[in-house]
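This report is an introduction for a reader who has not met the structure before. Please look over the sequence and the model first.

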Amino acid sequence: MMTEEGHHDVATLTCRDCSRQIDCCEFCDQPDCPVAICFQCIRAALRESLSHPHPHGG
Amino acid sequence: MSPRAAWRLESLGFRHVYDYSAGKLDWLAAGIPTEGTNSAHPRAGDVARRDVPACRLDDRLGDVAARVRDAGWDACVVVNDQSIVLGLLRSRELRGDPHQRIDEAMRPGPSTFRPFVSIQEMARFMREHDLLNSPITTSDGKLVGLLLREDAERVASEIHAEHEGESE
């Protein structure tokens, strides 16, 4: 589908955890993933973005 | 370690003590061995296959596909000369036009995961997303290996069986 500006619309997905609109699933990179998840939620789910226990990185 | 712990170690007589300012997650993300209770649990970096075929951006798809097939693989990681992951060729991409350059054929910027991620979590997500393989990299993008779903599910089920046995 074309927009008024002549650009193709990007199919948007919704993150299953936080409902943020995303272009493709951050886990499998698929634009039609039925269980799409955003970057922040997948990092949190896999514990890749744990906050440091101390400000100095301890 | 924290500066406080470093000072404490020095007070106990240790001589070569440093403050690792990047923190524990950075250490884990580099796939360097660890000690302690959690280190006994296999993680994505332990299970990932380190012998995954790799190729460069300016290779030809036909040459790469033949090499990958001969090695018994159906995936290949695209890296630069520093082993930084730039793309991925799964079976679908490998079946493309053999005259294409890799930078035209590859899936650019694939999602990558750190070596310290729990193998049970990776297995669960790979099954849920029907994903056959995932590149594992350090936090600065260097290839550690390719995690295959069959390996992740096998190790996860072994851990599950082990825990079941312990609880009986």
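The sections below cover confidence, aromatic rings and a pocket.

## Confidence of the model

The structure is a predicted model. Its scores are ipTM 0.72 and pTM 0.79.

Chain B has a mean pLDDT of 90, and 96% of its residues reach 70 or more. Among the elements of chain B, the highest mean pLDDT, 98, belongs to strand β1 (residues 54–55). The lowest, 72, belongs to helix α2 (residues 24–29) of chain B.

## Aromatic pairs between the chains

A pair of aromatic rings is described by the distance of the centres and the angle of the planes. Over all chains, the count is two aromatic pairs. In one of them, the ring centres of Phe27(A) and Phe113(B) are 4.9 Å apart and the planes stand at 40°, so the pair is tilted. An angle from 30 to 60 degrees is what places a pair in that class, because planes under 30 degrees apart count as stacked and those over 60 as edge-to-face. Phe27(A) sits in the loop between β2 (21–22) and α1 (39–45) of chain A, while Phe113(B) sits in the loop between β4 (107–108) and α7 (119–128) of chain B, so this pair joins two chains.

The other pair is formed by Phe27(A) and Phe125(B), with centres 5.3 Å apart and planes at 35°, so this pair is tilted as well. The pair also crosses between chains, running from the loop between β2 and α1 of chain A to helix α7 of chain B, where Phe125(B) lies.

## Burial of the ring cluster

Phe27(A), Phe113(B) and Phe125(B) are linked into a cluster by ring pairs. How buried or exposed is Phe27(A)? Phe27(A) has a relative accessible area of 1%, and buried means under 20%, so Phe27(A) counts as buried. Phe113(B) is buried too. For Phe125(B), the relative accessibility is 0%, and this residue therefore counts as buried.

## The second largest pocket

The second largest pocket has a volume of about 510 Å³. It is lined by 25 residues, and the closest to its centre are Arg90(B), Asp130(B), Leu131(B), Leu132(B) and Asn133(B). Two or more lining residues come from each of α5 (91–94) and α8 (149–167) of chain B. The largest share, three residues, is given by α5(B).

By residue class, the lining of the second largest pocket holds eleven charged, nine nonpolar and five polar residues.

Methods
Residues numbered from 1 in each chain as written. Chains lettered and ligands numbered in written order. Predicted model: local features only at pLDDT ≥ 70, side-chain atom pairs only at ≥ 80, totals over all residues. Heavy atoms only, no water. Phe/Tyr/Trp six-rings, centres within 6.5 Å; stacked < 30°, edge-to-face > 60°. Helix = DSSP H or I, 4+ residues; strand = E, 2+ residues; numbered from the N terminus. Buried < 20%, exposed > 50% of the residue type's maximum accessible area, 1.4 Å probe, protein only. 1 Å grid on protein atoms, 1.4 Å probe; cavity = no way out; pocket = protein on both sides within 12 Å on 5 of 7 lines; lining within 4 Å. Points joined across faces, edges and corners; volume = space filled by probe spheres on them. Nonpolar A, V, L, I, M, F, W, Y, C, P; charged D, E, K, R; others polar. pLDDT = per-residue confidence, 0-100.
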